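Visitor: Hi, could you walk me through this one? I'd like to poke at it with a few quick questions.

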Amino acid sequence: MATAQTTALSAEDSSDLLAEKFDRLLGLVRANRPGDDLDIIRKAWDFCLEHHHGQKRASGEPFVLHPLEVALVLAEMKLDSTAIAAGLLHDAIEDTEAEAGEIRAKFGDQVEHIVEGVTKIDKIQFANREDRQAENVRKMLLAMVSDVRVVLIKLADRLHNMRTLEHLSADKQQNIAKETLDIYAPLAHRLGMGKVRGELEDLSFRYVDPYTYEKLHEAVEARRKEGEQFLSGVEGLLTEKLRESNVEARVEWRIKRLFSINQKLQKSNISIDQVYDLLALRVITKSVPDCYAAFGLIHSIWRPVPGRIKDFIAMPRPNLYQSLHTTVMGEGGHQFEVQIRTEDMHRIAEEGIAAHWKYKAGGSPISARDEQRLAWVRQLVEWQREMTDPNEFLSTLKIDLYPEEVYTFTPKGKVVVLPKDASPLDFAYSIHTEVGNTCVGAKVNGRLVPLRSKLRNGDIVEVVTQNGHTPSRDWLTIVKSARARNKIKHWLNEHQRERAIEIGRKLLEREARKYKVAISKFEEADYARVATEYSMATPSDLMAAIGFGKYSARQVLNRLSPGIAVQPGPDHETPGDGGVSDAVKRVAMASGTESLQVEGQNELLVYRARCCNPIRGEEIVGYVTRGKGVAVHARNCPNVQNLLYESDRRVSVEWARAADQAAGRAATYPVKLTIFCDDRPGMLKELTAIISDEGTNIRAVDSRPGPNADAVVEFVVEAKDVRQLTRLVQGMRRLPGVRDVQRSQKL
């Protein structure tokens, strides 16, 4: 009886909560968009209540609370009632019996189109997580081209899911948070939505690296009171000076977000006391002239830090962000950053593409200015049609979503925005593909420079071309922009493939002569049959695979004519076996490669790439290197992106099952750890104790003084897998005086 009463009360409380939140939703829409039709929102809410009735979230709350919270986020973005109705219905097709036709009939074509674009594709089975993620993003980008509200709802959906992530398992928390950092936060950044991006990053950071998050949170909180007192005093002084100078403006202050602080610490290998923009002021004016007036006034009060002045008003970022940035030195040696912008610039910086949301019946849902912000989406959609590999697509996406920009000029004064550390090759490809392909040199500020040179803000670049010149594979290690990388890969793929097909044919002919087989007896249909057995589309694909070294000519000859007297040898594939899908070779070698399984090829040596030294549990990828076998790389290895442009040379690799490993001695992997810590007695003893407690062997140890009266200690330890390595790193980080622990890829 008590239990039933508790449930009833809980249901009543839930009903009151939902009613309260829905009233708040309507209130927000009335305030932000007084001319909008509220009936479509009411109808969508009734539909939502009916179709999600009885469904619960992992937290135990009614499922309908999720679409309602998504709609509230959209209302805070000041989106129109059509978008808010679609937000309420965004899970209807996937999670209920509702169909697209029913939504179209009740709410119109626009709502149905947006809901279809937002609907997840988790029910479709993909080979792996990368395929699923890539396909999800592809669909989102395609839908965004026709209606950007699709991605705004996806971002609102992800934001609420991140706010309630604590109710899921630890593995799901990690996967969702990592995907958010990789895709959704950068996507919000590219759309100029600073507020959404910041919250997504901090929420993700909490789950991706909880220990570092808590440690950093404590460090910031310890400095918060002093920082707030300092900023409050600075705010009062600046407000008074602005009033005396007749500059109409308001002043805000903030303490830098935890995720941004952590990025700064990792990138520069510094302590939190050395983060110059931990404290920040924001001056919001009425006009652009007032921005520059405030800028000069600030420099008359505090001394500017050289090299920290940036003018994003004159040269806006690609996502249309505009502000003046400067870092100045206050009393007591406090450095703080000041951002100066107009009210309009502030809305764009916080809300991005949603800041100027307009929707007129029969017109475009986005303004011409927002069209400029979406130009990169159309380019990405064009690129993704050329990319069959999901990893390549996601890598390109990540590069393009979160660029750090450098502003360069053509000799005629046109601004060309490129990623940080871009080369003259990036500049050349940004002008035109043919200019990039035939580039042989460049003049920067009137002087000839090597193609590997890094461009800087303000450089005037003139490209030198030569007819007949072609791209080099080495260029992939030079370029930084997604456009240049993709154009080079496309050219290399086309020409390397032609050469591989020719080599493949010659190798097959030579093998046939060796076994006295008349190659002329095989027809196109025979080659097509074998290509199909190897999961390839055409005989040309088969020849290319032989030429690249992915399959041996002997294997293919056996498949072409199973009855011929070709003796495959004890380690070779026999005619009639299952081919790529089930031809798995266990490789017994030193240094942990006995735990690897490789699909599709029985005749190649397999080894762990020395550039990244992958260990058990990491995501890995194999690459056929001519004459050396299969190099197994960690998927996040920097070299993977440059190597794997030739999809024909990629092979599937995986770690052997734990049960298979148990039969023999478990493999261990040498891993180099670098510890940045205080130079104090007993530190080395405490570090080695943690390694000893894990039952891990130390192969080598070295220590040296650090740059700031600290110490740097390097261990080479034997780790069984990623989990053990993670425990080691976390244990070391917990020691007093340890600032950071980093894994070095190379030994």
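Visitor: Let's start at E228: is it buried or exposed, or in between?
Guide: E228 is partly exposed, with a relative accessible area of 28%. Keep in mind that this is a predicted model.

Visitor: Which residue does E228 form a salt bridge with?
Guide: The partner is R224, and the closest N and O atoms of the two are 3.5 Å apart. R224 is partly exposed as well, at 28% relative accessibility.

Visitor: Where do those two sit relative to each other?
Guide: Both are in helix 12 (residues 210–244), four residues apart, so about one helical turn separates them.

Visitor: Which other salt bridge has both partners in helix 12?
Guide: There is one between the side chains of E240 and R243, at 2.2 Å from N to O. Those two are three residues apart in helix 12, which again puts about one helical turn between them. E240 is partly exposed, with a relative accessible area of 34%.

Visitor: What about R250, which residue does it pair with?
Guide: R250 forms a salt bridge with E343, where the closest N and O atoms are 2.9 Å apart. R250 lies in strand 1 (residues 249–255) and E343 in helix 15 (residues 343–351), so this pair ties together parts that are 93 residues apart in sequence. Both partners count as partly exposed: R250 has 33% relative accessibility, and E343 has 24%.

Visitor: Which residues do shared salt-bridge partners join into a network?
Guide: R197, E201, D202 and R257 are joined into one network that way.

Visitor: And how many salt bridges are there by this rule?
Guide: The count comes to 34.

Visitor: How many disulfides, then?
Guide: Zero, by the rule used here. As for individual cysteines, C439 is buried, with a relative accessible area of 0%. C611 is buried too, and its relative accessible area is 17%.

Visitor: Why does C611 count as buried at 17%?
Guide: Because buried means under 20% relative accessible area, and C611 has 17%.

Visitor: Okay, zooming out. How many helices and strands does the chain have?
Guide: The secondary structure comes to 28 helices and 22 strands. The chain has 747 residues, and 51% of them count as buried.

Visitor: What share of the contacts join residues at least 24 apart?
Guide: If you take contacts between residues at least 6 apart in sequence, 65% of them join residues at least 24 apart.

Visitor: Can you give me a concrete pair? Where is F548, for instance?
Guide: F548 belongs to helix 23 (residues 539–548). F548 is buried, at 2% relative accessibility. Its C-alpha atom is separated by 7.5 Å from that of V624, although the two residues are 76 residues apart along the chain.

Visitor: And R317, where does that one sit?
Guide: R317 is in the loop between strand 4 (310–311) and strand 5 (324–329). With a relative accessible area of 22%, R317 is partly exposed.

Visitor: Which residues is R317 in contact with, leaving aside neighbours within four places in sequence?
Guide: Those are F312, E405 and Y407. Of these, E405 is 88 residues from R317 in sequence, with 7.5 Å between their C-alpha atoms.

Visitor: Switching to helix 28. How far does it reach from its first C-alpha to its last?
Guide: Helix 28 (residues 722–733) has twelve residues and reaches 16 Å, close to the 16 Å expected at 1.5 Å a residue.

Visitor: Which of its residues are buried?
Guide: In helix 28 the buried residues are Q724, L725, L728, V729, G731, M732 and R733.

Visitor: What do they pack against?
Guide: Helix 12, which we met earlier, is one of the elements the buried residues of helix 28 pack against. The others are strand 19 (669–678), helix 27 (683–693), strand 21 (710–719) and strand 22 (738–744).

Visitor: Last topic, the surface. How much area does the chain expose?
Guide: About 35200 Å², and carbon and sulfur atoms supply 50% of it.

Visitor: Which residues make a nonpolar patch there?
Guide: L684, I698 and V701 make a nonpolar surface patch of about 230 Å². I698 is in strand 20 (residues 698–705), and it counts as partly exposed at 31% relative accessibility.

Visitor: Why can I698 be part of a patch at 31%?
Guide: Because patches are made of residues with over 30% relative accessible area and no salt bridge, and I698 has 31% relative accessibility.

How values were computed:
Residues are numbered from 1 along each chain as its sequence is written. This is a predicted model: local features need pLDDT of at least 70, side-chain atom pairs count only at pLDDT 80 or more; totals for chains, interfaces and linings use all residues. Side-chain values use heavy atoms; hydrogens and water are left out. Buried means under 20% relative accessible area, exposed over 50%, partly exposed in between (1.4 Å probe, protein chains only). Contact means heavy atoms within 4.5 Å. Accessible areas come from the Shrake-Rupley method with a 1.4 Å probe; for residues, only the protein chains shown count as cover. Patches are made of residues with over 30% relative accessible area and no salt bridge: like charges are joined within 9 Å, nonpolar side chains (Val, Leu, Ile, Met, Phe, Trp, Tyr) within 5 Å. A salt bridge is a side-chain nitrogen of Lys or Arg within 4 Å of a carboxyl oxygen of Asp or Glu. A disulfide is a pair of cysteine sulfur atoms within 2.5 Å. The expected span of a helix is 1.5 Å times one less than its number of residues.
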